[in-house]
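Biologist: Could you take a close look at a single part of this model for me? I'd like to know where it sits and what surrounds it, and then how the rest is put together.

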Amino acid sequence: MMSYKYNNNHKKMSTHKYCKDCKEVLPIDDFYKAGKYRQSRCKPCYNKHTHGNLKRARAIYKLKNPPKKKLNGFQKLSDDQKAELLKYLGTMPMVNVANMVGLNKYTLLRWKKKKYFPETEYFKYPLKPNPQ
Ligand SMILES: [Zn+2]
């Protein structure tokens, strides 16, 4: 009799489980496996719990690593390179500028399109060819 009772209890124990968050006894399949055992929270509670942890971790990471201001390609150039580039811009075709400063012409064209170059007189007042 004792043995039957124990077995019955054991069976009940392994098919249902108490969730420590929603405090309900739920079928064992409502719990994620954790190796040999099951999580102590049911699936919805576990997801809520870990999602909260994830959110908190992300918030902490953001606080510790504030987003850096991203420099565009032009801003990454050295001051000398920038000066040289701006000196030639608008005075000759972009291909020639690219050759002069040693950059790819498509890169320069993209920078121009994205308005990476600071507004300079070279753009506002393109040089006119010298009258011969
Ligand atoms: Zn639960």
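Biologist: How many C-beta neighbours does D21 have inside 10 Å, and what does D21 count as in terms of exposure?

Modeller: D21 has 13 C-beta neighbours inside 10 Å, so it counts as partly exposed. On this scale, 20 or more other C-beta atoms within 10 Å make a residue buried, 12 or fewer make it exposed, and anything in between is partly exposed, with the C-beta atoms placed from the backbone. Before going further, bear in mind that this is a predicted model, where local features need pLDDT of at least 70 and side-chain atom pairs count only at pLDDT 80 or more, while totals for chains, interfaces and linings use all residues. Numbering runs from 1 along each chain as its sequence is written.

Back to D21, then. You'll find D21 in the loop between β1 (16-18) and β2. Setting aside residues up to four places away in sequence, D21 touches R41, C45 and H49, where a contact means C-beta atoms, placed from the backbone, within 7 Å. R41 is 20 residues from D21 along the chain, yet their C-alpha atoms are separated by 6.2 Å. H49 is 28 residues from D21 in sequence, with 9.0 Å between the two C-alpha atoms.

Now look from the other side of that contact. H49 belongs to helix α2 (residues 43-64). Like D21, H49 falls in the partly exposed class, here with 15 other C-beta atoms within 10 Å. Apart from neighbours within four places in sequence, H49 is in contact with D21 and R41. R41 also appears among the contacts of D21, so the three residues touch one another pairwise by these two contact lists.

The D21 loop has another residue to check. K23 is also found between β1 and β2, and its phi is near 60°, a positive value in a residue other than glycine. Most residues other than glycine have a negative phi. K23 is exposed, with 8 other C-beta atoms within 10 Å. Further along the chain, K115 likewise has a positive phi near 60°. K115 lies in the loop between α6 and α7 (121-124) and is exposed, with 11 other C-beta atoms within 10 Å.

Stepping back, the protein has seven helices and four strands, all taken from DSSP runs (H or I over at least four residues for a helix, E over at least two for a strand, numbered from the N terminus). Along the sequence they read α-β-β-β-β-α-α-α-α-α-α. Of the 132 residues, 8% are buried. Taking contacts between residues at least 6 apart in sequence, 27% join residues at least 24 apart.

Two helix pairs are worth a look. The axes of helix α4 (residues 79-88) and α5 come within 10 Å and cross at roughly 155°; each axis is a line fitted to C-alpha atoms over the stretch in contact, and angles run from 0 to 180 degrees between N-to-C directions. That makes α4 and α5 roughly antiparallel, since under 35 degrees is roughly parallel, over 145 roughly antiparallel, 65 to 115 roughly perpendicular and the rest oblique. Q81, E84, L85 and Y88 of α4 make this contact with V97, M100 and V101 of α5. By class, it has five nonpolar, one polar and one charged residues; Ala, Val, Leu, Ile, Met, Phe, Trp, Tyr, Cys and Pro count as nonpolar, Asp, Glu, Lys and Arg as charged, and the others, Gly among them, as polar.

Helix α5 (residues 94-101) also pairs with helix α6 (residues 105-113), their axes coming within 8 Å and crossing at roughly 115°. These two are therefore roughly perpendicular. M94, V95, V97 and A98 in α5 meet K105, L108 and L109 in α6. That contact has six nonpolar, no polar and one charged residues. V97 is part of both helix contacts.

As for how far to trust it all, the mean pLDDT (the predictor's confidence in each residue, from 0 to 100) is 82, with 80% of residues at 70 or more. Among the elements, strand β2 (residues 25-27) has the highest mean, 95, and helix α1 (residues 2-15) the lowest, 53. Residues 1-5 stay under 50, and the model gives them zero contacts beyond four places in sequence.
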